[in-house]
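Me: I've got a model open and I'd like a close look at a single part of it. Could you pick one helix and walk me through its surroundings and its charged side chains?

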Amino acid sequence: MTNKNLTQNEQKTLAGNFAIDKLIEQKRIFSGMKIGLGTGSTAMPAVERLAERIKDGTIKDICAVATSFQTTIACENFGIPVFSMNAKEIGGHLDLAIDGADEINPKKQLIKGGGAALLLEKIVAYNADNFVIVADESKDVPSIGTCFSLPVEIIAEARISVIRTLEKLGATCTLRQGVKKAGPVITDNGNLILDLLWKTVPNAAEMEDKINNIVGVVENGFFCKNIPTVFIAHSNGTVSER
Ligand code: 5RP
């Protein structure tokens, strides 16, 4: 089956469905497990597929942690039980987290946070034994940091001081603006988002720590510490696992 011409949305659905079924087959998704569920238009089909596999009885007694209001509402709609990371059922640790990404480089370092959910996404991803990314082929790129902007969640009061420091690290910063809301985006945690671009490719692993050392930064969207398994769906209808 290599002569299809799937749209980007069709690839997202394919990646989500394929990954959930494959992870069940590999027993990396199993009954009684604790699972982190990501945010965005690729994570959502994965959440829906997980719900289908719960409904058809393949897996039981899942405890989920949602990474955003979007995911919490999806879980409510699909009947997936959601817990806080701090709940005794979760104990601050997950068996697996599955999520989308904005960009993936050959080392499987990521930019995430296009949907402004990077803080919870990183808490979930970095406290999971297995981290899995689902993506369409447009996310597979040679380098990260110069094309898709890096989201950085910041405390509102530190906006100017953080921008000044980030500019010294070579980044240009744009305050993310709301859609159908006047003024800036306010995250699920009540903070602001800066979108950063570099002229030359930054060292993502180094920059992840450097940015988080700035007073007033809550978290940034470089994900370099828990290297994921990546499922990438292609327009020809195939899915590659890396
Ligand atoms: C949200 C995210 C998303 O996973 C990322 O933006 C990819 O989104 P999509 O699957 O809609 O392209 O990090 O904060």
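Reply: Here is a walk around helix H4 and the salt bridges that lead away from it.

Keep in mind that this is a predicted model. The protein has six helices and 13 strands, and 51% of its 242 residues count as buried. Helix H4 covers residues 118-125, and six of its eight residues are buried, so the rest of the structure largely encloses it. The buried ones are Leu118, Leu119, Glu121, Lys122, Val124 and Ala125. That list has two charged side chains in it, Glu121 and Lys122, so let's take each in turn.

Glu121 pairs up with Lys112 in a salt bridge, 3.1 Å from N to O. Buried or exposed, these two? Lys112 has 2% relative accessibility, so it counts as buried, and Glu121 is buried too, at 4%, because the cut-off for buried is under 20%.

Lys122 makes its own salt bridge, to Glu208, at 2.7 Å from N to O. Glu208 sits in helix H6 (residues 204-212) and Lys122 in H4, so this pair ties together parts that are 86 residues apart in sequence. Both partners are buried.

Follow H6 one residue along and you reach Asp209, whose side chain meets Lys225 in another salt bridge (2.6 Å, N to O). Lys225 belongs to the loop between strands E11 and E12, so here the parts tied together are 16 residues apart in sequence. Asp209 is partly exposed at 38% relative accessibility, and Lys225 is partly exposed at 48%.

Technical notes
Residues numbered from 1 in each chain as written. Predicted model: local features only at pLDDT ≥ 70, side-chain atom pairs only at ≥ 80, totals over all residues. Heavy atoms only, no water. Helix = DSSP H or I, 4+ residues; strand = E, 2+ residues; numbered from the N terminus. Buried < 20%, exposed > 50% of the residue type's maximum accessible area, 1.4 Å probe, protein only. Salt bridge = Lys/Arg side-chain N within 4 Å of Asp/Glu carboxyl O.
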